[in-house]
Amino acid sequence: MIRTAVIGYGASARIFHLPFIDLDPAFELVAVSSRQAELRTDHPHIHHYETGPDLIAATDADLIVITSPNDSHFPLARAALEAGKHVLVEKPIAIRSREAADLIKLAEAKGLTLSVFHNRRFDGDFMTLVELVQSGAVGEVRSLESRFDRFRPVATKRWREAAGLGNGILFDLGPHLIDQALVLFGLPDAITARCRTLREDTEATDWFHLLLHYGDKEVSLHASPFVAAPNLRFALDGTMGSWRKYGLDPQEAARKEGRLPIGDSWGKETPEDYGFLYDGAASCPVETKAGDYRLYYRALADAILNDAPVPASPRDALAGLRLIELALESSEKGCTMPVPATLRDI
């Protein structure tokens, strides 16, 4: 059994991590760090620490899960690795690519598992998209539009909305959309980006549009806080047809409603939410595969216990972070940025 400690007790820990740790027999929750009073009421039988550094210094856990604000990911992950702990860090792995590279080097030197929580590889709509691309259902892919829009026209007072490197929607949703594109198609040849702050009372990027340029296709990644209409999640076009998918994977909403990730129905969509495949003459619904974030933790356990591949490689996360840096540079300079050939060797 993997003794596990979690740093942070915010939405990320409560929605995406603690329930999956509690329900997976490979893991035992032994400690959480947070100053939130309800932690002791919710989890009375584990060790409690006020800060992440306190937890790392004192815990006998095998695995540290880091869910704290983005700018703390690097120092906490480095401290945990130095202490001989396996590490699962929320995305982004760090806020600078050189920090991510440092973590990878340290984990490899110490023979420890380092994984990044790109859980949306296990969204049902994305798993369906992967199957459609690999099966050639639309022929040779020529374009993909991937969107993660919300209707949040008024900014809230929280760290994600504050000024500073690592905050804003590009470091929140951007890592997921970029990671999915890399899983599908690998690194692009170049990137063109527009990153804006469009809401009042916020200083962080809250709108972005990224174009990833490949030799035979174009990939568009987009996020906006102003979309009140039904969310177009994926638009896939190829030489033989198209696929359109609306709505978001149901797992996050289910967790926010308090439902636990149990049973065979977890992550399944209703038929009215299925996407449609078009061939120019007719259309047909495509059943969405059941998403399952439980698969992430199962794969992580296998990586720690049996030296299997991690469910999301830190090298993939490093490549994604480097693309974010190039996107910021592209937006600032108003030009297309080539993706360095050396990035393909990391």
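**A surface leucine and the cores beneath**

Leu260 lies in the loop that connects helix H9 (251-256) to strand S13 (275-278). In this predicted model, Leu260 has a relative accessibility of 43% and therefore counts as partly exposed, since that class lies between the 20% limit for buried and the 50% limit for exposed. Together with Leu23 and Ile262, Leu260 makes a nonpolar surface patch of about 270 Å².

The chain as a whole comes next. Its secondary structure comes to 11 helices and 15 strands. The radius of gyration is 20 Å, close to the 20 Å that the globule rule gives for 346 residues, so the chain is as compact as a globular protein of that length. The C-alpha trace spans about 60 × 45 × 45 Å along its principal axes. Among the contacts with a separation of 6 or more, 70% join residues 24 or more positions apart. The accessible surface comes to about 15,100 Å², and carbon and sulfur atoms hold 52% of that area.

Of the 346 residues, 56% count as buried. In soluble globular proteins, nonpolar side chains tend to be buried together. Here the largest nonpolar core has 73 residues, and Ile93, Leu129, Leu210 and Leu236 have the most contacts inside it. Helix H11 (residues 314-333) gives the most to this core, namely eight residues. Leu210 can serve as an example: leaving aside residues up to four places away in sequence, Leu210 touches Leu170, Ile178, Thr192, Ala193, Cys195, Val219, Ser220, Leu221 and Ala327. A second core, separate from the largest one, has 29 residues, including Ala26, Ala301, Ile304 and Ala312.

Note on methods
Residues numbered from 1 in each chain as written. Predicted model: local features only at pLDDT ≥ 70, side-chain atom pairs only at ≥ 80, totals over all residues. Heavy atoms only, no water. Patch = residues over 30% accessible without salt bridge, like charges linked within 9 Å, V, L, I, M, F, W, Y side chains within 5 Å. Areas by Shrake-Rupley, 256 points an atom, 1.4 Å probe, with all protein chains shown as cover. Salt bridge = Lys/Arg side-chain N within 4 Å of Asp/Glu carboxyl O. Helix = DSSP H or I, 4+ residues; strand = E, 2+ residues; numbered from the N terminus. Buried < 20%, exposed > 50% of the residue type's maximum accessible area, 1.4 Å probe, protein only. Rg over C-alpha atoms; globule rule 2.2 N^0.38 Å. Contact = heavy atoms within 4.5 Å. Core = buried A, V, L, I, M, F, W, Y, C linked by side-chain atoms within 4.5 Å.
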